[in-house]
Amino acid sequence: MNILNKTYFYLFLFAFIILFFFYRKPNETFDINIQDTYYVIQNSHFGILLFILYVVLGLAHLYLLNNRLVMSHWILNSHVIISILGLVLTCYILGKLNNHSTKTLEEILRSIKTNRYLTYAFFLTVGITIATQLVFGIFFLIKIFRK
């Protein structure tokens with residue numbers, strides 16, 4: 001079997017990449033500001049949470065393969081691609097939204113429109129990523145119970 005067909009490999013690999021990047025600076029924080037609520041999460045805790053999530057997803061893909069439960073390749077491949085790219089894009093957008101550089105009033109007024117579009121892109125990316133996880137979870141449970 002070719003490595004390209006082993007979708008669990010990509011999820012396991014990405015889980016360890018996440019662990020490496022979030023433990024590079026473990027004392028830094030990951031800040032999320034939504035309206036009046038401000039969430040502060042330590043990088044190491046966020047990395048562990050994402051590591052566990054991607055390992056569980058990889059184990060689900062491995063379980064399907066080992067028990068010869070056939071699921072459509074487009075579902076498996078799109079799940080892996082959207083899961084990985086969704087997280088990367090979400091972190092990138094949050095980094096752009098939380099850019100606290102000093103600006104003049106004119107630059108702040110110009111960036112308000114950009115921040116609004118970045119906020120829309122953030123919620124769209126998170127929504128698509130969560131919807132993909134739910135669709136995969138439903139198909140996974142259907143395959144297990146039809147076994």
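Student: Before we look at Val70, what counts as a helix here?

Tutor: A helix is a DSSP run of H or I with at least four residues, and helices are numbered from the N terminus. Keep in mind that this is a predicted model. With that in hand, Val70 can be placed: this residue lies in the loop between helix 2 (43-66) and helix 3.

Student: Is Val70 buried or exposed?

Tutor: The idea is to look at the relative accessible area, where over 50% means exposed. Val70 has a value of 65%, so this residue is exposed.

Student: Which residue far along the chain can I compare with Val70?

Tutor: Try Lys143, which is 73 residues apart from Val70 along the chain. In space, the C-alpha atoms of Val70 and Lys143 are separated by 8.0 Å.

Student: Let me step back. How many helices and strands does the protein have?

Tutor: There are four helices and two strands. Reading along the sequence, you meet them in the pattern α-β-β-α-α-α.

Student: How do I read the way helix 1 and helix 3 pack?

Tutor: Look at the angle and at the separation of the axes. Helix 1 (residues 7-23) and helix 3 (residues 73-97) pack at about 15 degrees, and their axes are 9 Å apart. Angles under 35 degrees count as roughly parallel, so helix 1 is roughly parallel to helix 3. The crossing of helix 1 past helix 3 is left-handed.

Student: Which residues meet there?

Tutor: From helix 1 come Thr7, Tyr10, Leu11, Phe14 and Ile18, and from helix 3 come Leu76, Asn77, Val80, Ile84, Leu87 and Val88. Sorted by class, this contact between helix 1 and helix 3 has nine nonpolar residues, two polar ones and no charged ones.

Student: What about Thr132: buried or exposed?

Tutor: Here the cut-off for buried is under 20% relative accessible area. Thr132 sits in helix 4 (residues 105-145). Its relative accessibility is 12%, so Thr132 counts as buried. If you set aside neighbours within four places in sequence, Thr132 is in contact with Ser78, His79 and Ile82.

Student: And what can I say about the protein as a whole?

Tutor: Start with burial: 30% of the 147 residues in the protein are buried. Next, take the contacts between residues at least 6 apart in sequence; 68% of these join residues at least 24 apart. Finally, the accessible surface comes to about 10,200 Å², and carbon and sulfur atoms account for 68% of that surface.

Notes
Residues are numbered from 1 along each chain as its sequence is written. This is a predicted model: local features need pLDDT of at least 70, side-chain atom pairs count only at pLDDT 80 or more; totals for chains, interfaces and linings use all residues. Side-chain values use heavy atoms; hydrogens and water are left out. Axes are lines fitted to C-alpha atoms, for helices over the stretch in contact, and angles run from 0 to 180 degrees between N-to-C directions. Angles under 35 degrees count as roughly parallel, over 145 as roughly antiparallel, 65 to 115 as roughly perpendicular and the rest as oblique. A crossing is left-handed if the near helix is turned anticlockwise from the far one by less than a right angle, and right-handed if clockwise. Contact means heavy atoms within 4.5 Å. Ala, Val, Leu, Ile, Met, Phe, Trp, Tyr, Cys and Pro count as nonpolar, Asp, Glu, Lys and Arg as charged, and the others, Gly among them, as polar. Buried means under 20% relative accessible area, exposed over 50%, partly exposed in between (1.4 Å probe, protein chains only). Accessible areas come from the Shrake-Rupley method with a 1.4 Å probe; for residues, only the protein chains shown count as cover.
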